Amino acid sequence: MKNRIALGVSMMMLLSMSAMPVSAADDNRNAVITTEVAPAYIVTIPTNMRVPFNQLKTDFGAVTLTKAQLEPNKCVKVTMQCDNLLDNKADAEKTIPYTIYEGKADATGNVFTTASYLSAGEKTDLTIGITQDDWNKAYAGEYEDTVTFQIEYTDQ
Amino acid sequence: MRRLAVLGLCLCLFPYCALTAFAEDTTTSTTPQNDAVISVSVPSAHTLTVTAPDGVTVTLDGVSGNHFSIDRLSEPTLAVSVPDGQEIVKIVLNGEDITNRFVNGQYKLPPVYENLALEVETRSVEPTTSTTEPTTSSTTDSTTSSTTTSESSSTTSSDTTSSSKPDSSTSSTTTSSNGGTSNSNSQKTYPNNDSPNTGDAMAVGIGVPAFFLGVAFLMVMLKKRNKDEE
């Protein structure tokens, strides 16, 4: 008896899952297909950089919008944050001022703080600048500072 | 048989089970690390390399040599000395002429922040026994003759020592007789360890008696002339 019941239930489940032919009606109906492509982007930022002693301008790499699938009127905004001081590891009182410029070392431009990008391939070359006077005054030792690049997907 | 049928039905049902799928999140794909570290290494010492003719001695804080290590931002004292028969023409530090900066033969370097290259240029000077006195030529002549006399009567040969001050515009050559004391092995420290007044004092000391001798000679000549006229 139980077997018969189980067999019956199984048959009903199979029937419910099988494809049922539906005859098309004569009237036209519209099917709206919607899809959503989410915005996507890849931003590459400069890697760690060791500045040679007494070098006034050092190429720092570039901020590049490598891949971009952006919505209209949207952009990717990159903001750089740093305190413009290289701190001596042994004595934080001793510092070396530096500045990050737009452009390559042989042709620097304005001081870099932020940039907006719309399409893939756009980039901003960066250069680290330390003046000769600041080099001359620097005490011996190891110095470093961390530069943070904040990336936003925002309105233009 | 029934069991096989149930098993077969279960196998048929298995593919219809719903499976959970995870969609890839591509909303924002950024680099995993948004930081970059800028680092710098400032050396603790620098070098001083000396290029100088043979015989020239360069000392740094009293230590002589041709290659020195200097602590960064320290201020050592530099001294240059030349052997007898030579004088300093020019002292160049990293391309800059610092000859005039030597005081009493020494120059205190400013805080050192880079490697340094020191070049010393010298020239030979002719040994001379004449002492030049810039005031009056007659005094100079008499001084020279007195000096010559003194040297000729000396038992040991006197050496001629020449030196020049860093300021080439005021450089002069002086002669001193040591009156029996030989100084052939001595080196004069640049620009002039011997006080230049030494030569002047000698010139004055010998010149004054010579002057009075000259006056006396003139008076005698005048008296003789008066007698002749009478």
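This report walks through the two chains, the nonpolar cores, one sheet and two loop residues of a predicted model.

## The two chains

Let us begin with chain A, which has two helices and 10 strands. Starting at its N terminus, the elements follow the order α-β-β-β-β-β-β-β-β-β-α-β. Chain A has 156 residues, of which 19% count as buried. Its contacts reach across the sequence: taking those between residues at least 6 apart, 72% join residues at least 24 apart.

Chain B holds three helices and 11 strands. Along the sequence, its pattern reads α-β-β-β-β-β-β-β-β-β-β-α-β-α. Of the 230 residues in chain B, 20% are buried. For contacts in chain B with a separation of 6 or more, 71% come from residues 24 or more positions apart.

## Nonpolar cores

In soluble globular proteins, nonpolar side chains tend to be buried together. Here, the largest nonpolar core has 28 residues, and A:V43, A:V76, A:I96 and B:I38 have the most contacts inside it. Both chains contribute elements that give two or more residues to this core: from chain A, strand 1 (40-44), strand 3 (57-69), strand 4 (74-81), strand 9 (123-129) and strand 10 (141-155); from chain B, strand 1 (35-42).

A second core, separate from that one, has 11 residues. Among them are B:L48, B:F68, B:I88 and B:I91.

## A sheet in chain B

Chain B also offers an open sheet of five strands, in the order 5-2-10-7-8 and with mixed pairing. Its edges are strand 5 (67-71) and strand 8 (96-97) of chain B, each of which pairs on one side only.

At one of these edges, strand 8 of chain B pairs with strand 7 (residues 86-93) in the antiparallel sense, over two bridges. Within this part of the chain, B:V92 stands opposite B:D97 of strand 8.

## Two asparagines with positive phi

Between strand 7 and strand 8 of chain B runs a loop that contains B:N94. Although B:N94 is not a glycine, its phi is positive, at about 50 degrees. Is this residue buried or exposed? B:N94 is exposed, because 12 other C-beta atoms lie within 10 Å.

Chain A has an example too: A:N84, a residue other than glycine, has a positive phi near 60 degrees. A:N84 sits in the loop between strand 4 and strand 5 (85-88) of chain A. With 13 C-beta neighbours inside 10 Å, A:N84 counts as partly exposed, since a residue is exposed at 12 or fewer and buried at 20 or more.

Note on methods: Residues are numbered from 1 along each chain as its sequence is written. Chains are lettered from A and ligands numbered from 1 in the order in which they are written. This is a predicted model: local features need pLDDT of at least 70, side-chain atom pairs count only at pLDDT 80 or more; totals for chains, interfaces and linings use all residues. A nonpolar core is a set of buried Ala, Val, Leu, Ile, Met, Phe, Trp, Tyr and Cys residues joined through C-beta atoms within 7 Å. Helices (H or I, at least four residues) and strands (E, at least two) are DSSP runs, numbered from the N terminus. Two strands pair if DSSP finds at least two bridges between them. Two residues are in contact if their C-beta atoms, placed from the backbone, lie within 7 Å.
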